[in-house]
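User: Hi! I've got a structure to look through today. Could you walk me around it?

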Amino acid sequence: MKTSLLRFPATVLLAMGLLTGCTTTVHMQALAPAAVPMPGSMERIATASRVLPESRRDKFFDVLEGIFTGEGLLVDRAGTEACAISVGESLMRNSPRFRVTPANLQLLGKTREFFLPPMPPRYVQQVCIENQVDGLVVLEAFDSDMHVEQHQEERVIKEKDQPDRKVQVTVAVMEMRLVTGFRTYGPDGTVVDQAKQEDRMYWTNEGPSYQEALRPMPAPGECIRQVAARIGDQYARRIAPSYVALSRQIYTRAGKDANMQQARQMVAATDWAEAAVVWQKAAQSPDSDVAGRACYNLAVVEELNNRLPEAIEYARKAAYTHQLRAATAYLRELQQRQQAELVVAEQLPGTSAN
């Protein structure tokens, strides 16, 4: 199977900035390598959660914790579900590495212990056979903490035909912190990756009183789901090459050069093929500033078309021949992308980088 490491719809995965200045921004996506490569024989996976109370005593402590922390009953349960589901969704949405079964398995575990011993290989293999997969990505530990602080601040109120007046407001800051533990089990049932992750998010609002400042805040259950979804996505990117957003600058003018001005209109219409033809002419300009910017733009077009060697050559010309300072940093980014492509190609069984 042949996989392109750069993707953008033919119509609009290019978000253009305003063309009133000297540059505009082009957005694209490219595959970034996984931090931890997975076995090549591991192609089909299922996600699972092992965070499930084994006894009534565990359930009692979960409820008790919810009462004392203000997180609410069963909020952690919603968070574990969101965390496990988000791993599978991120793998399906952002990476071609695995075929992910839609089932989200619930395996027996505990909530009071962080990171239980790994599941027995035979048990993992049995679960894999039953679900027709080669491996499991399992949420094995989950803990949350919610904290709310308040402080007073002074605001100046401006009203028409009235003198400014100062008022005191209460600012509430809510923090939701999650600590999770993931394990990935390979085809032989053994652990091929293990990671403890921590993330947190903040919500801020103000009002005339503490209660009014809190009123528009999302409920604890929604807060924990948002953080859980983000941390699940982070783990998915750890074990699979995933698409990341890239942004590049395009020069839309260079002095009063007619070719650059003409290409500017083509950029506004995202007609890259015609813009490249005009930039080829501008690259022959005796004005080094014009030629350098044109070469830089041509490098971006080549990258958009996933032709990194050609992009590197244009960036090198802009940087070394025409002394365009921005091209030096861009050349380094392109070279790093080229190296990353080699790693990604190794991490995608049966795929080709070009």
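User: Let's start small. Which residue is the bridge partner of T170 in β7?

Analyst: Happy to help! In β7, T170 has G207 as its bridge partner. One thing to keep in mind is that this is a predicted model.

User: Noted. How many bridges join β6 to β7, and do those strands run parallel or antiparallel?

Analyst: There are 16 bridges between them, and the two strands run antiparallel. Strand β6 covers residues 165-185.

User: Does anything pack there? I mean, which strands does helix α5 touch?

Analyst: Helix α5, residues 220-239, packs on the sheet and touches β5, β6 and β7. The direction of α5 makes about 145° with that of β7.

User: And which strands does α3 lie across?

Analyst: Helix α3 (residues 121-131) lies across β4, β5 and β6. With respect to β5, which spans 135-157, α3 runs at about 90°.

User: Let me zoom out. In what order do the strands of the sheet come?

Analyst: The order is β4-β3-β5-β6-β7, so to speak from one edge to the other. Those 5 strands form an open sheet, and the pairing is mixed.

User: Which strands stand at the edges?

Analyst: Those are β4 (99-106) and β7 (191-207). Each has a single partner strand, so one side of each is left without a neighbour in the sheet. As for the twist, it averages 25° from one strand to the next.

User: What about β3, is it mostly covered or mostly open?

Analyst: Mostly covered: of the 6 residues in β3 (44-49), 5 are buried. Strand β3 runs parallel to β4, with 5 bridges joining them. Another 5 bridges join β3 to β5, and that pair is parallel too.

User: Nice. Which residues stand opposite S49?

Analyst: On the β4 side, S49 stands opposite Q106. In β5, the residue opposite S49 is L139.

User: Switching topic to the helices α8 and α9. At what angle do they cross?

Analyst: The axes of α8 (residues 288-304) and α9 (residues 308-321) cross at roughly 160° and come within 8 Å. The two helices are therefore roughly antiparallel to each other. Their crossing is left-handed.

User: Which residues meet there?

Analyst: From α8, the residues include C295, Y296, L298 and E302. Among those they meet in α9 are L308, Y314, K317 and A318.

User: How does that contact split by class?

Analyst: The contact of α8 with α9 has 9 nonpolar, 3 polar and 4 charged residues.

User: Great, thanks for the tour!

Key:
Residues are numbered from 1 along each chain as its sequence is written. This is a predicted model: local features need pLDDT of at least 70, side-chain atom pairs count only at pLDDT 80 or more; totals for chains, interfaces and linings use all residues. Side-chain values use heavy atoms; hydrogens and water are left out. Axes are lines fitted to C-alpha atoms, for helices over the stretch in contact, and angles run from 0 to 180 degrees between N-to-C directions. Helices (H or I, at least four residues) and strands (E, at least two) are DSSP runs, numbered from the N terminus. Angles under 35 degrees count as roughly parallel, over 145 as roughly antiparallel, 65 to 115 as roughly perpendicular and the rest as oblique. A crossing is left-handed if the near helix is turned anticlockwise from the far one by less than a right angle, and right-handed if clockwise. Contact means heavy atoms within 4.5 Å. Ala, Val, Leu, Ile, Met, Phe, Trp, Tyr, Cys and Pro count as nonpolar, Asp, Glu, Lys and Arg as charged, and the others, Gly among them, as polar. Two strands pair if DSSP finds at least two bridges between them. Buried means under 20% relative accessible area, exposed over 50%, partly exposed in between (1.4 Å probe, protein chains only).
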